[in-house]
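This briefing goes through selected local features of one protein model, grouped by topic. Please read each point alongside the sequence and the coordinates.

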Amino acid sequence: MDAGIKKYSDNPRLLGEYQKAQKEFRGGIVTLTEDSFPTYRDGDLAKVVTTDMLRDEFFNEDSGQYADLSGAVEAELSFNTPMSEDLIQLRMRLFSKLPKFYINYDRKIFMHMVHGRLYDKVVLDGWWGAEFDFEHMMPTSHRYWTRDAREDFWAITNFSNGQ
C-alpha cells in the first residue's frame, strides 16, 4: 500500500486530496523511473529545451554587468571583498537559473544542491543519491552558464542559497 494512502486512510477528505494530487502531479506519474521518464518528458506538462535556449535565457539581461559580477564573485570568494548590492541581486537572479538537480538514468545517479532537503534519502532502490555539487558530472557542452573561461557562473553556487 502507498505510504500516503496508508497515512490518510482514516481521513476520507485528506485521502481524497492526496489521491487527487497524485493524479494531477506530473500527469499522474508519481515516481519518475527510467521507464516512466519518457512518458513524462513527452507529455503536455513537460517543457523540453535545448542547451542553446538555456544559455540564451541565462545571458539575456547582460549588458556588461555579468563581467563585473564574475570579477566580484572571484574577489569575494578569494579575498572576502564585499559585493555591491546590485551585484548581489544579479547573483541571486542567476543562481535561480542554475540547475539544482542532476539525474543520470544510465548510471542510476541522483544529485541535488538544495541544502537542507533530503531528496537524496528517498532515491529508488539501486540508485546512488547525494546532496553534492554535480557540475563535474555535466558535459562541458551542456554547461549553459559558461560563456568563456573567464565567465563560468557556477561559482555563485558557493554562496548559501545564492545569497
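In which strand does histidine 112 lie? In this predicted model, histidine 112 belongs to strand 2, which spans residues 109-112. The points below take up the surroundings of that residue and then turn to two of the helices.

**Histidine 112 and its surroundings**

- Histidine 112 has a relative accessible area of 0%, and because buried means under 20% relative accessible area, this residue counts as buried.
- The side chain of histidine 112 makes a polar contact with the side chain of aspartate 120, at 2.8 Å, while a polar atom of the histidine 112 side chain also lies 3.1 Å from the backbone nitrogen of valine 114.
- Leaving aside residues up to four places away in sequence, histidine 112 touches Lys100, Phe101, Arg117, Tyr119, Asp120, Ala130, Glu131, Phe132 and Phe134.

**The buried side of helix 4**

- In helix 4, which runs over residues 51-59, the buried residues are Thr51, Phe58 and Phe59.
- These residues cover an arc of only 80 degrees around the axis, and therefore they sit on the same side of helix 4.
- The elements that cover the buried residues of helix 4 include helix 5 (65-79), helix 6 (85-95) and strand 4 (146-148).

**Helix 2 and the residue that follows**

- Helix 2, with 13 residues (12-24), reaches 18 Å from its first C-alpha to its last, which is close to the 18 Å expected at 1.5 Å a residue.
- Arginine 26, which follows helix 2, has a positive phi, near 50 degrees.

Key: Residues numbered from 1 in each chain as written. Predicted model: local features only at pLDDT ≥ 70, side-chain atom pairs only at ≥ 80, totals over all residues. Heavy atoms only, no water. Helix = DSSP H or I, 4+ residues; strand = E, 2+ residues; numbered from the N terminus. Expected span 1.5 Å × (residues − 1). Buried < 20%, exposed > 50% of the residue type's maximum accessible area, 1.4 Å probe, protein only. Polar contact = N/O pair within 3.5 Å; in protein donor to acceptor, adjacent residues only side chain to side chain. Contact = heavy atoms within 4.5 Å. Arc of directions from axis to C-beta.
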